[in-house]
Amino acid sequence: MNTSEVKAFFEKTDVYLTYNYNLRIRAETVGYFIRNLEFDRVLDMPCGTGDISAPFIHKFGHLTMMDFSENMIATARKRVPDNQKGKVDFINADFYSHDFGGSQYDLVMNIGILAHIRNPWEFLEETMKLVAPGGYLIIQNTDSKHWFAKLIHLYLGMRRAVGKDKYKLNKVPQDELMARIRKGGFKLKDSFKYNQSFLGLSRFFSNDLKYKLTRKYFGYAGANKNASSGSDVTFIFQKQSA
Ligand SMILES: C[S@@+](CC[C@H](N)C(=O)[O-])C[C@H]1O[C@@H](n2cnc3c(N)ncnc32)[C@H](O)[C@@H]1O
């Protein structure tokens, strides 16, 4: 996918919000990971609708929400209460062309990006540099070697073949991702695995039912059941001090 196709896809904020039970699961996972932590400087890239970081603003000294979709940034802006807006920067820019000016953050959140961004390994190298020593990286990935992810790629490939879809997800294997993050000087602290509902069947179930079924089968961060059946993993790593 080229950058303009990804951007056009994510400008459809309403479509994205149709699957909002995932946002709830992701936000609850982050909430669990940071339950005993507070952070001075936080980067949520990409912030999307803002539903994942906005609930925790009270734990952050300053939050930067970044996304190259104008509609996502506009939605994220609405998620931040007016009395908290003073400590949030909204950056509507492409990660690759934005100049971070050497900034580092105590928490960097990269949720829902590796499958979509041009050159995920280059992105990973850049984002790891943005984490301050001793800081945390929360990163989500769908393991492309997992059977469930293979099924999704097959389904999307068939839709592309018959002209029903154009969107192509990056394939990022979990073993390589973890090896690269460890090599970058990070230590795994926790993870949560589940599966997003199968794309073709998703429309037949309400968000509430999908949420309940997911929780019944996979449990919660801190009490993850059937983790080996889950292809979608959210990790929290800590960058070791030099
Ligand atoms: C699947 S959504 C994830 C959003 C949010 N973190 C979540 O989990 O709901 C992917 C987001 O990445 C943004 N995005 C993709 N490539 C980007 C880039 N190069 N720079 C900034 N944002 C980008 C899209 O606009 C979209 O909002």
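A residue counts as partly exposed when its relative accessible area falls between the buried range, under 20%, and the exposed range, over 50%. Asparagine 226 comes out at 36% relative accessibility, so it lands in that partly exposed class. The model here is a predicted one, and a handful of its backbone and packing details are worth walking through.

Asparagine 226 also stands out for its backbone: phi is positive, at about 50°, even though the residue is not a glycine. As for where it lives, asparagine 226 belongs to the loop that runs between β8 (223-224) and β9 (232-239).

Asparagine 119 is another non-glycine residue with a positive phi, this one at about 60°. Its setting is the loop between β4 (105-110) and α5 (120-129). With 38% relative accessibility, asparagine 119 is partly exposed too, because that value sits between the 20% and 50% cut-offs.

Then there is a cis peptide bond, the one from methionine 45 to proline 46, where omega is near 5°. Proline 46 itself is part of the loop between β1 (39-44) and β2 (60-66).

Arginine 215 brings the story to a helix, namely α9, which covers residues 207-218. Its relative accessibility is just 6%, and since the buried class takes in values under 20%, arginine 215 is counted as buried. Leaving aside residues up to four places away in sequence, the contacts of arginine 215 are Ile25, Glu28, Phe192, Tyr220 and Lys225.

Definitions and conventions: Residues are numbered from 1 along each chain as its sequence is written. This is a predicted model: local features need pLDDT of at least 70, side-chain atom pairs count only at pLDDT 80 or more; totals for chains, interfaces and linings use all residues. Side-chain values use heavy atoms; hydrogens and water are left out. Helices (H or I, at least four residues) and strands (E, at least two) are DSSP runs, numbered from the N terminus. Buried means under 20% relative accessible area, exposed over 50%, partly exposed in between (1.4 Å probe, protein chains only). Contact means heavy atoms within 4.5 Å.
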